[in-house]
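Visitor: Could you take me through this structure, one question at a time?
Guide: Gladly; please look at the sequence and the structure first.
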Amino acid sequence: MKKALITGINGQDGSYLTEFLLDKGYQVWGILKRNSVAENQTYRLNSVYGHPNLKLEYADMLDFASLVRVLQKSMPHEVYNLAAQSHVRISFDQPIYTAEITGVGTLKLLEAVRLICPTSRVYQASSSEMFGNNIDADGYQRETTAMSPVSPYGCAKVFSYNICVNYRNSYNMFISNGILFNHESPRRGSNFVTNKVAKEAAKIKLGLSDKLTLGNMEATRDWGHAKDYVEAMWMILQHDVPDDFVCATGISHSVQDLVNFVFNYLDLDPQKYVRTDPRYLRPEELRDLKGDCSKLKNALGWKLSYTFEDMMKEMVDYWLDFFKKNPQANG
Ligand code: NAP
Ligand code: F7E
């Protein structure tokens, strides 16, 4: 039986990847950082909690010894490093914490893998945020686009990307970076813009709220569905050689387009409800992201199954259903 270890297992991507790997017959190990609520309250794992092939262990990206312990116990064939402080604006509030988890945490994990299970294949959750405002002449970012991050989060991810390449070359380890553009789902934290818009618009539709306050409406992003992107993670580790791949839809929308689509779907006029507030702006903005994933499609045959529109409808429908059942809840 193949064994995989996932850091960040109870995050958006970790939960979908767990379902995907269990379906493929893997034994899945995951690390949870200690929280004041018990692990069976991590709602994203509800569908698989108690599965005989799911093993959950307490560990932390800040705690090298805990990573060593879990690797020794699990001896995985594949390691997916998804753990991070992943919120870009919050990375300006907590830059050192972000660097320690999202950056140095990766190095701790790589060093533990090198010492304990050096033949394990490692996937690193790299990000389009690493490109910053660099765009190729044709309007896309791709594997060869220069990196100049514009947030502490992006800087930490560039460190992780580089240390992965360095370990791959220095120690002949199988370590691959997936450079993923924004990907979303009903499991997305509701302080990321897609799920914030979906959730607040659903509340407005049901008469539970009367406003939505946002930051930069002009920024554009290339938004795909997390379910499609976790399949790409797995495909990247099944390749015959370690390599780095962009994963994206190739289509971008502005935050204003996102708002217009969601409010139109709910038959609401956004001008009546949507406001902006500078507190949601970032000290330095990443203006536009649009990825070219030709390499991933050509080398590994990856395909999209969700459109932006289907994904946003799924998210809005999730919140409509949630608030109909729980009108007092905050979600
Ligand atoms: P997410 O929902 O924020 O999940 C992050 C996970 O990391 C959570 O399970 C979190 O646990 C865990 N974590 C945080 N600090 C930790 C620590 N010190 N030790 C152990 N675990 C820790 O993020 P996601 O959207 O699933 O993204 C997965 C990965 O892909 C992240 O590395 C992210 O930066 C990267 N990425 C995401 C996107 C995207 O659009 N979603 C795009 C490119 C790259 P708690 O929930 O208990 O805090
Ligand atoms: O912002 C704008 C904001 O926070 C998207 C992470 O998964 O993807 C994600 O980072 C855009 C930005 O995602 C609000 O300024 C406007 O331009 O949903 P977001 P992100 O910053 O792109 C990358 C690829 C990652 O790797 C990260 O881990 O929307 N925006 N108004 C807003 N954003 C938020 N959060 N809240 C607003 O009110």
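**A helix and a ligand site**

Guide: In this predicted model, D267, which comes just after α8, takes a positive phi of about 60°.

Visitor: Which residues of helix α8 are buried, and why do they lie on the same side of α8?
Guide: Helix α8 spans residues 255–265, and its buried residues are V255, L258, V259, V262 and F263. An α-helix has 3.6 residues a turn, so residues three or four places apart point the same way. The buried residues cover an arc of only 120° around the axis, which puts them on the same side of α8.

Visitor: What do the buried residues of α8 pack against?
Guide: Their partners include the strands β8 (212–214), β12 (253–254) and β13 (274–276). The helices they pack against are α6 (193–205), α9 (270–273) and α11 (308–325).

Visitor: Which residue places a polar side-chain atom 2.7 Å from an oxygen atom of ligand 2?
Guide: Two of the contacts with oxygen atoms of ligand 2 come from the backbone: a backbone N or O atom of S86 lies at 2.7 Å, and a polar backbone atom of V193 lies at 2.8 Å. The polar side-chain atom at 2.7 Å from an oxygen atom of ligand 2 belongs to K196.

Visitor: How much of the area that ligand 2 exposes when taken alone does the protein bury?
Guide: Ligand 2 is surrounded by 21 residues, and the closest are S86, S127, Y153, K196 and R282. This shell divides into eight nonpolar, eight polar and five charged residues. Taken alone, ligand 2 exposes 700 Å², and the share of this that the protein buries is 96%.

Definitions and conventions:
Residues numbered from 1 in each chain as written. Chains lettered and ligands numbered in written order. Predicted model: local features only at pLDDT ≥ 70, side-chain atom pairs only at ≥ 80, totals over all residues. Heavy atoms only, no water. Buried < 20%, exposed > 50% of the residue type's maximum accessible area, 1.4 Å probe, protein only. Helix = DSSP H or I, 4+ residues; strand = E, 2+ residues; numbered from the N terminus. Arc of directions from axis to C-beta. Contact = heavy atoms within 4.5 Å. Near = heavy atom within 4 Å. Polar contact = N/O pair within 3.5 Å; in protein donor to acceptor, adjacent residues only side chain to side chain. Areas by Shrake-Rupley, 256 points an atom, 1.4 Å probe, with all protein chains shown as cover. Nonpolar A, V, L, I, M, F, W, Y, C, P; charged D, E, K, R; others polar.
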